[in-house]
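Work through the exercises below with the sequence and the model at hand. Each task is followed by a solution in steps.

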Amino acid sequence: MNKGLAIDPSDFYGYETRGIIKTSLGDHTGALADLNVAIKSMPANGIMYLDRGIVYMLLGEDDKAQQDFQHYLQMFPKGKANMDKRIEEARAKH
């Protein structure tokens, strides 16, 4: 993934993917940094708010997590079941 971002550092999808990978590896600070870049580059991609909200939750930053979860639900009004499932999975893994 780093190689792809070296080729195209403006690729929001690369940052999003690397952020998800870092989350799964327990590098929450690194994941947050990557997801922030991805969201800044493509704020219309609502799923990234869910991803970042989960990282905030894992870091204990509940207010920021709730803001991102609400933003996700504004973009995906029928996404609550998916959000709840992803949150449950993240809590079980960490």
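Contact means heavy atoms within 4.5 Å. The model used here is predicted.

**Exercise 1. Describe how helix H3 packs on helix H4, and list the residues that meet.**

Step 1. Two packed helices are described by the angle between their axes and the distance between the axes.

Step 2. For H3 (residues 28-41) and H4, the angle is about 155° and the axes are 10 Å apart.

Step 3. Angles over 145 degrees count as roughly antiparallel. H3 and H4 are therefore roughly antiparallel to each other.

Step 4. The crossing of H3 past H4 is left-handed.

Step 5. From H3, the residues in contact are His28, Ala31, Leu32, Leu35, Asn36, Ala38 and Ile39; from H4, they are Met48, Tyr49, Asp51, Arg52, Val55, Tyr56 and Leu58. By class, this contact of H3 with H4 has 10 nonpolar, two polar and two charged residues.

**Exercise 2. Describe the packing of H6 against H4 and against H5.**

Step 1. Take H4 (residues 47-58) and H6 (residues 80-93): their axes come within 10 Å and cross at roughly 35°. The crossing of H4 past H6 is right-handed.

Step 2. H4 contributes Ile47, Leu50, Asp51, Ile54, Met57 and Leu58, while H6 contributes Asn82, Met83, Arg86, Ile87, Ala90 and Arg91. The contact of H4 with H6 divides into eight nonpolar, one polar and three charged residues.

Step 3. Now take H5 and H6: their axes come within 10 Å, with a crossing of roughly 150°. H5 passes H6 in a right-handed crossing.

Step 4. Phe69, Tyr72 and Leu73 of H5 meet Lys80, Asn82, Met83 and Ile87 of H6. Five nonpolar, one polar and one charged residues make up the contact of H5 with H6.

**Exercise 3. Which parts of the chain does the salt bridge of Arg52 and Asp68 tie together?**

Step 1. Side chains of opposite charge can pair when their charged atoms come close.

Step 2. The whole structure holds six salt bridges. One of them joins the side chains of Arg52 and Asp68, at 2.6 Å from N to O.

Step 3. Arg52 belongs to helix H4 and Asp68 to helix H5, so the pair ties together parts that are 16 residues apart in sequence.

**Exercise 4. Which element has the lowest mean pLDDT, and which the highest?**

Step 1. The chain averages a pLDDT of 90, and 88% of the residues score at least 70.

Step 2. Helix H1 (residues 2-7) has the lowest mean, 49, and helix H5 (residues 62-75) the highest, 98.

Step 3. Over residues 4-8 the pLDDT is below 50, and beyond near neighbours in sequence this stretch has four contacts in the model.

Step 4. Where pLDDT is low, the predicted coordinates should not be read in detail.

Notes:
Residues numbered from 1 in each chain as written. Predicted model: local features only at pLDDT ≥ 70, side-chain atom pairs only at ≥ 80, totals over all residues. Heavy atoms only, no water. pLDDT = per-residue confidence, 0-100. Helix = DSSP H or I, 4+ residues; strand = E, 2+ residues; numbered from the N terminus. Axes fitted to C-alpha atoms, helices over the stretch in contact; angles between N-to-C directions. Left-handed = near helix turned anticlockwise from the far one by under 90°. Nonpolar A, V, L, I, M, F, W, Y, C, P; charged D, E, K, R; others polar. Parallel < 35°, antiparallel > 145°, perpendicular 65-115°, else oblique. Salt bridge = Lys/Arg side-chain N within 4 Å of Asp/Glu carboxyl O.
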